[in-house]
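Trainee: Got a minute to go through this one with me? I'd like to start with the ligand.
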Amino acid sequence: MQENIQNNDSNIDFLFTNDGSVGLYNYDVDDIYHSVFGAKSEAKDKFVTPLNFENNFFYKNELNILDICYGIGYNTKTFIEKILQTNYKGKVNIDLLETDKNLVFFSPFIKDGFFKNNPEISYIILRSLFDEIKAVDFALSDIIENKKVKKFFEPFYRRLIKRFKFDRYTYDHERCKQAFLHNIYYHCISSSMKIAHKCLKYKDFEITPYIGDARQSIKALSKLYDIVFLDAFTPAKQPLLWTLDFFSELYRITQKDCMILTYSNSASVRHAMKESGFFVGKLLDKQNRHCGTCASKNPEFIKNKLDEYDTGLMNTSAGVYYIDKSLNSSCEDILKEHKERKQKLNLESSSHFIKRYKNMRECRQYEKI
Ligand SMILES: C[S@@+](CC[C@H](N)C(=O)[O-])C[C@H]1O[C@@H](n2cnc3c(N)ncnc32)[C@H](O)[C@@H]1O
């Protein structure tokens, strides 16, 4: 069951995905935001589990995370869940890059599947985002209370926001914030001593939103990041954040022991990552199927290296990467330049390579017998 809303900036549909968490569909880009199999489980399988957090990051005193294309925040939320599960004691800075501010601001209130067992995840996000959300003066309540879409938001938050807007709170900003957070803490979190105990370290999370085109926001970033989630729309539809030039920016702002994760298996994306200087690997799901790509400056962080087939594909016409030298070109211009360059290069097609590769493997097996 899908419901459409006209957001300020885009035309999106809300829907429930198969694991019960809310997903979105964008009509303007004609692309999904989340897997229909489960928005929440996708974040876990493709972005957080492959981090191998306990081995690769747990020992650090401070972690810098960059969530590119935050949307309604599944990757960040799942990462916070992981931090709470592992009882990591350091400081966690999460920077969010997203064009659609409405999505960022209503992300804590959505039925994301975390509320029942981990209400503290929304609480952590709200502590950081409250000032920005309040600055739009809860205009979001108009979206949240929209008849068609209200079933996609947690009833507790709907009640709280409504009361906050229409009721008796005429406090100054700081008291508003404290009252709002106190209500969440009191009703959802403090009931369990075990969870309440964890709150001692809520102050160790700092979440900063950068609203706007990630290509511009990234230029202003000066931290060195440990972990990058890259969750842009499909490269062939929106290549803006999959170009050689964008990956070169990511190279500039990442630690040696970094991990970049994405759901994309595209040969052109892998080629751009490699050309920017990263070691590149693939993500495999429980059934050993390809489910994404990872990159790092440290080859030891790459669990599943690309094999002869994957690197072979990178040298076909499917592996020609996108270019955006000014980090300011339109989608149309990037796609047009890519098409023209591909024609000039006149490389082997991926389907021809796949056939040739299969034959080659069969021959090798035959030789072994
Ligand atoms: C596939 S969705 C990401 C879903 C998200 N990670 C989540 O958990 O909900 C892609 C997101 O990228 C955002 N986006 C598209 N172009 C962008 C750009 N140039 N800079 C920053 N964000 C962008 C869209 O608004 C959308 O929220």
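Mentor: Sure, we'll take the ligand site and then one tyrosine; keep in mind that this is a predicted model.

Trainee: Okay, which residues come nearest to the ligand?

Mentor: There are 20 residues around the ligand, and His34, Cys69, Glu98, Ala214 and Asp231 come nearest.

Trainee: What does His34 do there, in terms of distance to a ligand oxygen?

Mentor: A polar atom in the His34 side chain sits 2.6 Å from an oxygen atom of the ligand. Glu98 also uses its side chain: one of its N or O atoms is 2.5 Å from a ligand oxygen.

Trainee: And Cys69, which part of the residue lies 2.8 Å from the ligand, backbone or side chain?

Mentor: Backbone. An N or O atom of the Cys69 main chain lies 2.8 Å from a nitrogen atom of the ligand. As for cover, the ligand has 600 Å² of accessible area on its own, and the protein covers 95% of that.

Trainee: Which pocket is the ligand's space?

Mentor: The largest pocket.

Trainee: How does the shell break down by class?

Mentor: Nine residues are nonpolar, seven are polar and four are charged.

Trainee: Switching topic: where is Tyr321?

Mentor: Tyr321 is in the loop that runs between α13 (308-314) and α14 (331-345).

Trainee: So is Tyr321 buried or exposed?

Mentor: Buried, because its relative accessible area is 15% and the cut-off for buried is under 20%.

Trainee: How far is the Tyr321 C-alpha from that of Glu275?

Mentor: The two C-alpha atoms are 9.3 Å apart, while Tyr321 and Glu275 are 46 residues apart along the chain.

How values were computed: Residues numbered from 1 in each chain as written. Predicted model: local features only at pLDDT ≥ 70, side-chain atom pairs only at ≥ 80, totals over all residues. Heavy atoms only, no water. Near = heavy atom within 4 Å. Polar contact = N/O pair within 3.5 Å; in protein donor to acceptor, adjacent residues only side chain to side chain. Areas by Shrake-Rupley, 256 points an atom, 1.4 Å probe, with all protein chains shown as cover. 1 Å grid on protein atoms, 1.4 Å probe; cavity = no way out; pocket = protein on both sides within 12 Å on 5 of 7 lines; lining within 4 Å. Sits in = over half its atoms within 2 Å of the grid points. Nonpolar A, V, L, I, M, F, W, Y, C, P; charged D, E, K, R; others polar. Helix = DSSP H or I, 4+ residues; strand = E, 2+ residues; numbered from the N terminus. Buried < 20%, exposed > 50% of the residue type's maximum accessible area, 1.4 Å probe, protein only.
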